[in-house]
Amino acid sequence: MRGPRRTAAPPAPRSATPPGAGPAWHRRRAESPAVAQLTDAGMQRMASRVFAQLLAGDGGAMTSAELGEALQISPAAVSGAVSYLTQVNMVSREREPGSRRDRYVLHNELWYETFTRRDQVLTLWEKTLREGAATLGTDSPAGARVAETAAFFDFMQGEMLGLMDRWRTHRAGLGPGRAG
């Protein structure tokens, strides 16, 4: 005859807020407008989750283990997301002092750097488009369309430079912790 049936012990409760978890708006895709918007804009879903976690955390930096725990994802998922974010220069890897663990850190001027790099892309596109317009002939409909696109990128570059200058001035006037 068998003894009383044993049931598995309930899992240990997880802390309500893992280290560096920050606000709840970034924890799960279904609950996170930020993650959904980043994903809709073309960022990989897991990279969006990791980026939102780093952005919303107080320190702006976390280890792989902290990211995995906060987002309840595997080390492989963290690794893939961080590889993507590193490749597009949205985060960098830093070694914790006195440790062999890496921390993934948001750049201090993340958006400034992102738009500055975008300006370099616009320069390349404009050059390519101007060459294409010359090849097609600006008197043809296709050449005129390509030339207008090149002019648009030229315009955007000029506006972006002025905008970034205005941002630096505006940012200098912001106090610590002020969102603007």
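Serine 48 lies in helix H2. The structure described here is a predicted model. Serine 48 is buried, because its relative accessible area is 0%, under the 20% limit. Beyond its neighbours within four places in sequence, serine 48 is in contact with Val35, Leu38, Thr39 and Met43. For one of these residues, valine 35, the separation from serine 48 is 13 residues in sequence, while the two C-alpha atoms are 5.3 Å apart in space.

**Helix H4 and its surroundings**

Helix H2 (45–56) also takes part in covering another element, helix H4. Helix H4 comprises 13 residues (residues 75–87), and at 1.5 Å a residue these should span 18 Å; the C-alpha atoms at its ends are 18 Å apart, so the expected and modelled values agree.

Which residues of H4 are buried? They are Ala77, Val78, Ala81, Val82 and Leu85. These residues lie on the same side of H4, because the arc that they cover around the axis is only 125°. The cover over this buried side includes helix H2 (45–56), helix H3 (64–71), strand S2 (91–95) and strand S3 (102–106). On the face turned away from the buried side, H4 carries the exposed residues Pro75, Ala76 and Gln87. After H4 comes asparagine 89, whose phi is positive, near 60°.

**Salt bridges**

The count of salt bridges in the model comes to six. Three of them, including two within helices, are set out below.

| Acidic residue | Basic residue | Closest N to O distance |
|---|---|---|
| Aspartate 102 | Arginine 95 | 3.0 Å |
| Glutamate 131 | Lysine 127 | 3.1 Å |
| Aspartate 165 | Arginine 168 | 2.1 Å |

Glutamate 131 and lysine 127 both belong to helix H5 (residues 110–136), where they are four residues apart, about one turn of the helix. With a relative accessible area of 44%, glutamate 131 falls between the limits of 20% and 50% and therefore counts as partly exposed.

Aspartate 165 and arginine 168 are both in helix H6 (residues 141–173), three residues apart, again about one turn of the helix. Aspartate 165 has a relative accessible area of 41% and so is partly exposed. Arginine 168, at 38% relative accessibility, is likewise classed as partly exposed. Elsewhere, salt bridges that share partners join Arg93, Arg95 and Asp102 into one network.

Is arginine 95, a member of that network, buried or exposed? Arginine 95 is exposed, because its relative accessible area of 51% is over the 50% limit. The partner of arginine 95 in the tabulated salt bridge is aspartate 102.

**A nonpolar surface patch**

Apart from these charged pairs, the surface has a nonpolar patch formed by Leu55, Trp111 and Phe115. Together these residues present about 300 Å² of accessible area. Phenylalanine 115 is found in helix H5, the helix that also holds the salt-bridged pair glutamate 131 and lysine 127. How does phenylalanine 115 qualify for the patch, and what is its relative accessibility? Its value is 38%, so phenylalanine 115 counts as partly exposed and passes the requirement of over 30% relative accessible area for patch residues.

Conventions:
Residues are numbered from 1 along each chain as its sequence is written. This is a predicted model: local features need pLDDT of at least 70, side-chain atom pairs count only at pLDDT 80 or more; totals for chains, interfaces and linings use all residues. Side-chain values use heavy atoms; hydrogens and water are left out. A salt bridge is a side-chain nitrogen of Lys or Arg within 4 Å of a carboxyl oxygen of Asp or Glu. Buried means under 20% relative accessible area, exposed over 50%, partly exposed in between (1.4 Å probe, protein chains only). The expected span of a helix is 1.5 Å times one less than its number of residues. The arc is that of the directions from the helix axis to the C-beta atoms. Contact means heavy atoms within 4.5 Å. Patches are made of residues with over 30% relative accessible area and no salt bridge: like charges are joined within 9 Å, nonpolar side chains (Val, Leu, Ile, Met, Phe, Trp, Tyr) within 5 Å. Accessible areas come from the Shrake-Rupley method with a 1.4 Å probe; for residues, only the protein chains shown count as cover.
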